[in-house]
Amino acid sequence: MKYLYLLGYPLGHSVSPAMQNAALRACDIRATRYVKNPLPPEKMREMILALRAPHCIGANVTVPHKQTILAHLDELTDLAREIGAVNTILKKDGKLIGDNTDAYGFMQALRVRHINSQGARVSILGAGGAAAAAAFALAQADAAEIIFLNRTLARSVELADRLNKKFPYLALAINDWEALAESQLIINATSVGMAPRVNESPAPKNFAFPKHALAFDLVYNPPATQFLRDAKRDGARAIGGLEMLIYQGARAFELWTGQRAPLRVMRNAAVTALQEIMQTYAPKLK
Ligand code: NAP
């Protein structure tokens with residue numbers, strides 16, 4: 001048996017195992033399983049040993065390891081190095097290669113809805129791995145301006161500096177909260193609003209989403225976050241993180257297996273798993 005690991009901590013509410021195992025079954029890849037390997041940051045050595053074991057053929061990496069794991073891998077793709085975060089690990093000739101499929105997943109979630117970000121003014125709440133992936137994808141797609149709004153200023157500064165090196169003509173701003181009301185695309189790339197803290201939003205109190213805006217929450221659990229509910233209340237368009245999750249997972253699946261990802265199977269498995277997860281915490285919230 002070969003294994004694909006999901007590395008993160010905690011991993012209780014991830015739908016990736018259901019989605020990836022459904023894809024493996026649909027493609028008749030019977031001798032491989034995708035399993036959670038929940039290890040806290042202080043267990044990095046164990047994590048790398050698990051990745052180097054011969055039965056491991058790759059991995060996904062999630063919060064909180066996406067950035068800290070970089071230094072422990074043998075190689076990085078150009079994209080992972082630029083974004084500064086790894087969410088997918090491939091093994092080639094025993095080497096651990098860090099890649100990033102979040103940027104693809106993010107952009108694909110916009111593309112399938114025919115949303116064109118070219119020339120757009122974009123506000124991104126957050127400055128972690130997901131924010132970096134979204135920002136690099138948007139810069140690549142010719143967004144006009146990106147404003148980072150993050151709790152920790154140093155993280156926004158570091159991300160904006162890195163983006164500026166690669167895209168010197170892109171307009172960038174940091175913690176310009178006024179710009180939020182004049183943005184066409186408003187992205188939640190923080191973990192605020194994730195289950196079980198479903199009544200929280202990273203947007204400022206009393207913020208009214210402009211009607212012309214599209215609110216995109218990268219959080220997928222719950223599907224209707226407070227951020228998205230507020231956007232809809234104000235007449236803005238709202239999309240959740242599930243499509244991004246499916247597309248980043250599909251790209252990772254293709255990199256690991258060399259086979260075309262069965263998108264419909266993956267979507268159905270993700271939706272079913274998410275519904276089951278929501279049933280486990282919904283009664284506790286009442
Ligand atoms: P990360 O690198 O750990 O970054 C977390 C971000 O959230 C940071 O900007 C952090 O701010 C901010 N944050 C956390 N708690 C906060 C709070 N109480 N108040 C204000 N800001 C807070 O994580 P990540 O990988 O970027 O992931 C961020 C979110 O995106 C997660 O919810 C994750 O599930 C989601 N995501 C979704 C997909 C998808 O496929 N849909 C893919 C990737 C990520 P500081 O810098 O101040 O700590």
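Here is a chat about a predicted model, covering its ligand site, its strands and a few backbone details.

Me: Hi! Before we start, what kind of model is this?

Reply: It is a predicted model.

Me: Thanks. Let's go to the ligand, then. Where does the ligand sit?

Reply: The ligand sits in the largest pocket. Two elements each give two or more residues to the shell around the ligand, namely α5 (129–140) and α8 (242–257).

Me: Which element gives the largest share of that shell?

Reply: That is α8, with 3 residues.

Me: And which residues come nearest to the ligand?

Reply: There are 23 residues around the ligand, and Ala 130, Asn 150, Arg 151, Thr 152 and Leu 218 come nearest.

Me: I'd like the polar atoms too. What lies 2.8 Å from an oxygen atom of the ligand?

Reply: A polar side-chain atom of Arg 151 does. The backbone takes part as well: an N or O atom of the Ala 127 backbone is 3.0 Å from a ligand oxygen. For Gly 241, a backbone N or O atom lies 2.9 Å from a nitrogen atom of the ligand.

Me: How much of the ligand does the protein bury?

Reply: The protein buries 81% of the 920 Å² that the ligand exposes when taken alone.

Me: Nice. Switching to strands: which way do the side chains of β10 point?

Reply: In β10 (residues 185–188), Leu 185 and Ile 187 point one way, while Ile 186 and Asn 188 point the other way. All four are buried. As background, side chains in a regular strand alternate between the two faces of the sheet.

Me: How does β10 pair with β7, parallel or antiparallel?

Reply: β7 (residues 121–125) and β10 run parallel and are joined by 4 bridges. Within that pairing, Ile 124 has Ile 187 as its bridge partner in β10.

Me: And with β11?

Reply: β10 also pairs with β11 (residues 214–217) in the parallel sense, over 4 bridges. There, Ile 186 stands opposite Ala 215 in β11.

Me: What about Ser 183, where does it lie?

Reply: Ser 183 lies in the loop between β9 (171–174) and β10. Ser 183 counts as buried because its relative accessibility is 0%, and the cut-off for buried is under 20%.

Me: What does the side chain of Ser 183 reach?

Reply: It reaches the backbone oxygen of Ala 179 at 2.9 Å. The side chains of Ser 183 and Ser 123 are also joined by a polar contact of 2.8 Å.

Me: That loop has an odd phi somewhere, I think. Which residue is it?

Reply: You may mean Asn 175, which has a positive phi of about 50° although it is not a glycine. Asn 175 lies in the loop between β9 and β10, and it is partly exposed, with a relative accessible area of 26%. For context, most residues other than glycine have a negative phi.

Me: How about Asp 93, is it buried or exposed?

Reply: Asp 93 counts as exposed, at 85% relative accessibility. Asp 93 is in the loop between β5 (88–92) and β6 (95–99), and its phi is positive, about 50°, although it is not a glycine.

Me: While we're on the backbone, which peptide bond joins Ala 195 and Pro 196, cis or trans?

Reply: That one is cis, with omega about 10°. Pro 196 is in the loop between β10 and β11. The bond from Val 63 to Pro 64 is cis too, with omega near 10°, and Pro 64 is found in the loop between β3 and β4.

Me: Last topic, the open sheet. In what order do its strands come?

Reply: Its 6 strands follow the order β2-β1-β3-β5-β6-β4, and the pairing is mixed.

Me: Why do β2 and β4 each have one side without a neighbour in the sheet?

Reply: β2 (32–38) and β4 (75–76) stand at the edges and each has a single partner strand, so one side of each is left without a neighbour in the sheet.

Me: And how many bridges join β1 to β3?

Reply: There are 5 bridges between β1 (residues 2–8) and β3 (residues 56–61), and the two strands run parallel. One of the facing pairs is Leu 4 with Gly 58 in β3.

Definitions and conventions. Residues numbered from 1 in each chain as written. Predicted model: local features only at pLDDT ≥ 70, side-chain atom pairs only at ≥ 80, totals over all residues. Heavy atoms only, no water. Buried < 20%, exposed > 50% of the residue type's maximum accessible area, 1.4 Å probe, protein only. Pairing = 2+ DSSP bridges. Near = heavy atom within 4 Å. Polar contact = N/O pair within 3.5 Å; in protein donor to acceptor, adjacent residues only side chain to side chain. Areas by Shrake-Rupley, 256 points an atom, 1.4 Å probe, with all protein chains shown as cover. 1 Å grid on protein atoms, 1.4 Å probe; cavity = no way out; pocket = protein on both sides within 12 Å on 5 of 7 lines; lining within 4 Å. Sits in = over half its atoms within 2 Å of the grid points.
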